[in-house]
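User: I should like to go through this structure step by step, from its overall division to individual residues. Please give the reasoning behind each answer.

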Amino acid sequence: MNNPALQTITVALGQRSYPVWIGSGLLADHARWRAMLRGRHALVISNTTVAPLYLPCIEAGLDGLKWSSFLLDDGEAHKSFANVGRALEALGQLGATRDACVIALGGGVVGDLAGFSAACWMRGIDFIQMPTTLLAMVDSSVGGKTGVNLPVGKNLAGAFHQPRAVIADIDTLATLPEREYHAGLAEVIKGAAIGDEPFFVWLEQHADALAARDPAAVLEAIARKVRYKAGVVARDETEQGKRALLNLGHTFGHALETAGHYTTLLHGEGVAIGMRLAAQLSERLGMSVAADTSRLQRLLEKLGLPTAIPPGMEAQQLLALMRLDKKNTAGVLRLILWRGIGRAEIVAGVAEADVLAVLQAATGH
Ligand SMILES: NC(=O)c1ccc[n+]([C@@H]2O[C@H](COP(=O)([O-])OP(=O)(O)OC[C@H]3O[C@@H](n4cnc5c(N)ncnc54)[C@H](O)[C@@H]3O)[C@@H](O)[C@H]2O)c1
Ligand SMILES: O=C(O)C(=O)C[C@@H](O)[C@H](O)[C@H](O)COP(=O)(O)O
Ligand SMILES: [Zn+2]
């Protein structure tokens, strides 16, 4: 299919390299993604909101295969171990062999759970990401972090398992609710805040266009963020080092999501608040200046994101949740802080008293 606006970005991982295709009409471009399927079985994992909208677009592409679908109920609370069990049951019912493929059609919840299910089935089968939220297009579909939440913490069970391809059909964003769109922008801003100041300036300059969902601006923002993330992942696939920078705002953000039982805040909203807290902590530690915190806060708020901790959450409770973050080692908090826009750093041994002081100032207790 001729697709003039199509962007192709490669995640370069040697023999496991894969394309991220970003453009219009890609779900219906069956020949493109069907070529990535090696065997005769496919399980489409989606949810009860997305499947009625977009499963019909891909069904004809599955003709000739033995396939079925497994639909999650909608929401972060369903990114659970129990649902991985159900997905594996569905693969069993299908009779999926090692050459089977899981297709993740949906947002990050579907993508993370589907990828983890693919990693588990027969110790690892192929999967393809078909992200349908902005957040999934710019972040969760790329890089191979898969997994589920546990009641004690976010993403605590999972595996690194790279997809065979990412098919980001931007037409699906037409039905995405406004709040979800903004949540996706948080992960775009994050990429720029970590390591790409020119992109941050571009976001400031195009904030109105992005808020209005101008198609050219949205496409450019997606492509720039994916290119940035693909580069980081290619250099450090399993987060032995600098990939951890992609976690800016997440130690705080994941604690906020968990404290809200995965229903109060969207992931992107937790990340937005978390980035502001990380900036404030950086300031407190003398690493950065207030002007950069304000600049970040202004951009987040202009793009419809919260920057304050919701009422009812307590500093001590949040700190306790932060102790279970995967970046920590025994008794040592490791956070992603920054020296200003585009200059994030991994900082080990942050004193709990400093983290608590920032949380107390933000929660009021
Ligand atoms: N693996 C990674 O690297 C990575 C990166 C970032 C986030 N994540 C994870 O991703 C998850 C968040 O993903 P998300 O923000 O996409 O949330 P989500 O998957 O819950 O989707 C958001 C909402 O949008 C709906 N939706 C999806 N596509 C739609 C469409 N086109 N039209 C209408 N409605 C649509 C969904 O049903 C849901 O209600 C979190 O679990 C987070 O931890 C993972
Ligand atoms: O890809 C990464 O690496 C990231 O950290 C991206 C994050 O946006 C994402 O939310 C990821 O799932 C968080 O990873 P975790 O290791 O903190 O669970
Ligand atoms: Zn994230």
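User: Into which domains is the chain divided?

Analyst: This is a predicted model, and the answer rests on a domain assignment. The centres of the two domains, taken over C-alpha atoms, are separated by 25 Å. The chain is divided into domain 1 (7–175) and domain 2 (179–363).

User: Which element gives the most to the side of domain 1 that touches domain 2?

Analyst: The contact takes 29 residues from domain 1 and 29 residues from domain 2. On the domain 1 side, the elements that give two or more residues are strand 1 (7–11), strand 2 (18–23), helix 5 and strand 8. That side divides into 17 nonpolar, nine polar and three charged residues. The element that gives the most, with five residues, is helix 5.

User: Where does ligand 1 lie with respect to the domains, and why?

Analyst: The shell around ligand 1 holds 31 residues, of which Gly-107, Gly-108, Val-109, Thr-133 and Ser-140 come nearest. Two or more residues of the shell come from each of helix 2 (50–59), helix 4 (108–120), helix 5 (134–140), helix 6 (178–195) and helix 11 (267–284). Because both domain 1 (7–175) and domain 2 (179–363) give residues to this shell, ligand 1 lies between them.

User: How many residues of the shell around ligand 1 are charged?

Analyst: The shell residues can be sorted by type into three groups. Nine of them are nonpolar and 14 are polar. The number of charged residues is eight.

User: Which residues does UniProt place under the feature "binding site"?

Analyst: The feature comes from an unreviewed UniProt entry. Its residues are spread over 81 residues of sequence, yet they cluster in space, with a largest C-alpha distance of 10.4 Å. The record names Glu-187, His-250 and His-267.

User: Is Glu-187 buried or exposed?

Analyst: Glu-187 is placed in helix 6. Beyond four places in sequence, Glu-187 touches Leu-135, Val-138, Asp-139, Gly-268 and Val-271. A residue is buried if 20 or more other C-beta atoms lie within 10 Å of its own. Glu-187 has 24 such atoms within 10 Å, and therefore counts as buried.

User: How many C-beta neighbours does His-267 have inside 10 Å?

Analyst: His-267 is found in helix 11. Leaving aside neighbours within four places in sequence, its contacts are Glu-76, Gly-108, Leu-135, Ala-183 and Glu-257. His-267 counts as buried because its C-beta neighbours inside 10 Å number 28.

User: Why is helix 10 described as largely enclosed by the rest of the structure?

Analyst: The buried residues of helix 10 include His-250, Phe-252 and Glu-257. These buried residues of the helix pack against strand 8 (153–160), helix 11, helix 13 (315–322) and strand 10 (334–338). Helix 10 covers residues 250–259, and it is largely enclosed because the buried residues number ten of the ten.

User: Which residue with a positive phi follows helix 10, and what is the value?

Analyst: Most residues other than glycine have a negative phi, so a positive value deserves attention. The residue that follows helix 10 is His-261, with a positive phi near 55 degrees.

User: Of Glu-239 and Tyr-262, which is partly exposed and which is buried?

Analyst: Both have a positive phi, near 60 degrees for Glu-239 and about 65 degrees for Tyr-262. Glu-239 is found in the loop between helix 9 (215–235) and helix 10, whereas Tyr-262 is in the loop between helix 10 and helix 11. Within 10 Å, Glu-239 has 18 other C-beta atoms and Tyr-262 has 21. Glu-239 is therefore partly exposed, and Tyr-262 is buried.

User: How many residues does the largest nonpolar core have?

Analyst: The core draws at least three residues from each of domain 1 (7–175) and domain 2 (179–363). Among the residues with the most contacts inside it are Leu-43, Ile-189 and Ala-278. Beyond four places in sequence, Ala-278 touches residues including Leu-248, Phe-252 and Trp-338. The size of the largest nonpolar core is 113 residues.

User: At which residues does UniProt place the feature "domain: 3-dehydroquinate synthase N-terminal"?

Analyst: This feature also comes from an unreviewed entry. Over its span the chain is 35% helix and 29% strand, and the end C-alpha atoms are 25 Å apart. The record places the feature at residues 71–182.

Definitions and conventions:
Residues numbered from 1 in each chain as written. Chains lettered and ligands numbered in written order. Predicted model: local features only at pLDDT ≥ 70, side-chain atom pairs only at ≥ 80, totals over all residues. Near = placed C-beta within 6 Å. Helix = DSSP H or I, 4+ residues; strand = E, 2+ residues; numbered from the N terminus. Nonpolar A, V, L, I, M, F, W, Y, C, P; charged D, E, K, R; others polar. Buried ≥ 20, exposed ≤ 12 C-beta atoms within 10 Å, placed from the backbone. Contact = placed C-beta atoms within 7 Å. UniProt positions renumbered as here; feature names shortened; annotations may be inferred. Core = buried A, V, L, I, M, F, W, Y, C linked by C-beta atoms within 7 Å.
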